[in-house]
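Thanks for coming, everyone. I'll put the structure up and then walk through it piece by piece.

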Amino acid sequence: MKRMFKKVLWILLLLAAVLFAVFHELVFYGIAQGKGQLGIIWKAKPITYYLNDPSFPDTLKQKLHFIEEVKQFAIDSLGLAPTKNYSTLYDQQGKDIMWVVTAAKPFALEPKEWKFPVVGSVPYKGFFNQEKALKLAEELKADGWDVDIKIPGAWSTLGWFRDPILSKMLLRSEGDLASLIIHEMVHATIFVKDSIEFNENLASFIGDLGAFHFLESNYGRSSTYYQQYEREETDFEKFVDHMLRGADELQKMYAGFNADLADSIKYKRKSLLINEIVTEMDTLSLITRFQPSVIFKNKQPNNAYFMSFIRYRSLADELNIELMDVYNGDIKMMINAYKERFPFL
């Protein structure tokens, strides 16, 4: 029996060694991410600490109360899962704390994906260390990928940890803040493995629509909050539609490339089309921004950038049709049906 135990132990140790050799990069990445995430969670302080702090601005205290209202509305009126998220605040001290790297093929709107336990394949990789994010971005560029780095306004641990409010979130308008909170609460309620495009589209759709419902219910359609958010969303939807049309044009062009066409010609045609898409932005009738193309003054968008619109916004029309035709416009009914259809992970 003792010899058998030793044999089994050696087999397990050998298996562990093999798994570590194969997945060591993922293990080290997971440790770094866990350290970064837990560091923020541990340093976050209860909301009551800031509400009782006389030096904390009253305008920001109002935002903290506002978030509490949004959370309760999302639970009671939308049917999202109750969690202890957003009951603490992490002071970023004006600094960015996370960077997300995405990549896409140079002549196809196809993302690079990384595989992770539980959540499955994911088309982005986050870092709490900017140097590591930049290092990965440079490696991907050297391998020929189109690369984009974004600084997320928030992220979700899917209810596994107590996600804090990040201080920069309080700088958002009320409607945008409500949408963000609801978006992340959706992730902690409905999250399908290996389906990031569906997950992000659903969270964006419910976040935007839920924010309108919340503002109307708590403040009324004639309120400043509702009117401001309506203007912001009207402009944003026009911009999104334009970028999705641009993505469709790019995909059609890529599909028409001959196999023997030189890469130099492909890059030139790609650049010309993207420049045309950017220039045409300024023909959009926007309320809050006069010349949107200025955001690309120093850097042309690439496939990875266009992919973000597909990942977060391409299913909005389908979801809206389903909401109206199947659920008679009842967002809570739709969410409850999705919870039954897609057991959480």
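One definition before we start: buried means under 20% relative accessible area, exposed means over 50%, and partly exposed is what lies in between. Keep in mind that this is a predicted model.

Let's apply those cut-offs straight away. Take lysine 141, which sits in helix H4, residues 130–142. Its relative accessibility is 43%, so lysine 141 counts as partly exposed. In sequence, lysine 141 is 38 residues from alanine 103. In space, the C-alpha atoms of these two residues are 8.7 Å apart.

Alanine 103 takes us to strand E3. E3 covers residues 99–104, and 6 of its 6 residues are buried. How do its side chains point? Trp99, Val101 and Ala103 go one way. Val100, Thr102 and Ala104 go the other way. As a general point, side chains in a regular strand alternate between the two faces of the sheet. Both sets in E3 are buried.

Now the neighbours of E3. Strand E6, residues 125–127, pairs with E3 in the antiparallel sense, over 3 bridges. Strand E7, residues 146–150, also runs antiparallel to E3, and 5 bridges join them. Look at valine 101. Its bridge partner in E6 is lysine 125. In E7, valine 101 stands opposite isoleucine 149.

Next, an open sheet. It has 3 strands, in the order E1-E2-E8, and the pairing is mixed. Which strands are at the edges? Those are E1, residues 45–46, and E8, residues 165–166, and each pairs on one side only. E2, residues 88–90, pairs with E8 in the parallel sense, over 2 bridges. Leucine 89 faces isoleucine 165 of E8.

Just ahead of E2, stop at tyrosine 86. This residue is in the loop between H3 and E2. In general, most residues other than glycine have a negative phi. Tyrosine 86 is not a glycine, yet its phi is positive, about 65°. Is tyrosine 86 buried or exposed? At a relative accessible area of 2%, tyrosine 86 is buried.

Compare asparagine 328. Again we have a positive phi without a glycine, here about 55°. Asparagine 328 lies in the loop between H10 and helix H11, the latter being residues 331–341. With a relative accessible area of 68%, asparagine 328 is exposed.

Tyrosine 86 comes back when we look for enclosed space. How many cavities of 30 Å³ or more does the whole structure hold? The search finds 1. It holds about 40 Å³ of space. Tyr86 is in the lining, along with Ala154, Trp155, Asp163, Pro164, Leu166 and Met169. By class, that lining is 6 nonpolar, no polar and 1 charged.

On to the pockets. The second largest pocket has a volume of about 510 Å³. Its lining has 21 residues, and the closest to the centre are Phe205, Glu237, Ala316, Asp317 and Asn320. Where does the lining come from? Helices H6 (196–219), H7 (224–255), H9 (303–313) and H10 (316–327) each give two or more residues. H6 has the largest share, with 7 residues. The classes split as 9 nonpolar, 6 polar and 6 charged.

Now the rings. The whole structure has 21 aromatic pairs. One of them is phenylalanine 66 with tyrosine 225. The geometry is edge-to-face, with 6.1 Å centre to centre and 80° between the planes. This pair links distant parts of the chain. Phenylalanine 66 is in helix H3, residues 58–76, and tyrosine 225 is in H7, with their positions 159 residues apart. The two partners also differ in burial class. Phenylalanine 66 is at 3% relative accessibility, so it counts as buried. Tyrosine 225 is at 26%, so it counts as partly exposed. Both belong to one aromatic cluster, together with Phe73, Phe214 and Tyr219.

Last stop, helix H5, residues 174–187. What span should its 14 residues give? At 1.5 Å a residue, the answer is 20 Å. The end C-alpha atoms are 20 Å apart, which agrees. And 13 of those 14 residues are buried, so H5 is largely enclosed by the rest of the structure.

That's the tour. Over to you.

Conventions
Residues numbered from 1 in each chain as written. Predicted model: local features only at pLDDT ≥ 70, side-chain atom pairs only at ≥ 80, totals over all residues. Heavy atoms only, no water. 1 Å grid on protein atoms, 1.4 Å probe; cavity = no way out; pocket = protein on both sides within 12 Å on 5 of 7 lines; lining within 4 Å. Points joined across faces, edges and corners; volume = space filled by probe spheres on them. Helix = DSSP H or I, 4+ residues; strand = E, 2+ residues; numbered from the N terminus. Nonpolar A, V, L, I, M, F, W, Y, C, P; charged D, E, K, R; others polar. Expected span 1.5 Å × (residues − 1). Buried < 20%, exposed > 50% of the residue type's maximum accessible area, 1.4 Å probe, protein only. Pairing = 2+ DSSP bridges. Phe/Tyr/Trp six-rings, centres within 6.5 Å; stacked < 30°, edge-to-face > 60°.
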